[in-house]
Amino acid sequence: MERGSDAEGARITPYRNGPYLIRGPFTLTDQDGNEIEVGRKIVALCRCGKSRTRPFCDGTHKAVGFEAESGREGQRVSRSAGAAAGPQRDR
């Protein structure tokens, strides 16, 4: 698949110490299946649990000192080598 093509679908990126950013076509629903109107192409979803506009991020993570890595827990990514290095497991 070509990078940036519509065929890729949604891309979800957890930002270090911040929200999940969702880019691309997606539908957001509540647990009962009711669609939540988004109205944007890129959406930030709360990861800290303190936003007053949940499920959307309102920036509260900065005020509460929320900390989380960008990748999966227990893995770290070489920042100097970039994404080409891939994830590395902590030993």
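## Thr 60 and helix H1

Let's start at helix H1, which covers residues 60-64 and includes Thr 60. Please keep in mind that this is a predicted model. The side chain of Thr 60 makes a polar contact of 2.5 Å with the side chain of Asp 58. Setting aside residues up to four places away in sequence, Thr 60 touches Lys 50 and Ser 51.

## The sheet as a whole

Next comes the sheet, an open one with three strands in the order S1-S2-S3 and antiparallel pairing. Strands S1 (11-14) and S3 (42-45) each have a single partner strand and stand at the edges, so one side of each is left without a neighbour in the sheet. On average, neighbouring strands are turned by 20° against each other, with direction ignored.

In a regular strand, side chains alternate between the two faces of the sheet. That is a handy rule to have in mind when you look along the strands in the viewer.

## How the strands pair

Which residue in S2 is the bridge partner of Ile 12? It is Ile 22. S1 and S2 (residues 20-23) run antiparallel and are joined by four bridges. The hairpin of S1 and S2 has five residues between the strands, and in this hairpin Asn 17 takes a positive phi near 60°.

On to the pairing of S2 with S3: these strands also run antiparallel, with four bridges joining them. Here Leu 21 has Ala 44 in S3 as its bridge partner.

How values were computed: Residues are numbered from 1 along each chain as its sequence is written. This is a predicted model: local features need pLDDT of at least 70, side-chain atom pairs count only at pLDDT 80 or more; totals for chains, interfaces and linings use all residues. Side-chain values use heavy atoms; hydrogens and water are left out. Helices (H or I, at least four residues) and strands (E, at least two) are DSSP runs, numbered from the N terminus. A polar contact is a pair of N or O atoms within 3.5 Å; within protein, one must be able to donate a hydrogen and the other to accept it, and residues adjacent in sequence count only if both atoms are side-chain atoms. Contact means heavy atoms within 4.5 Å. Two strands pair if DSSP finds at least two bridges between them. Axes are lines fitted to C-alpha atoms, for helices over the stretch in contact, and angles run from 0 to 180 degrees between N-to-C directions.
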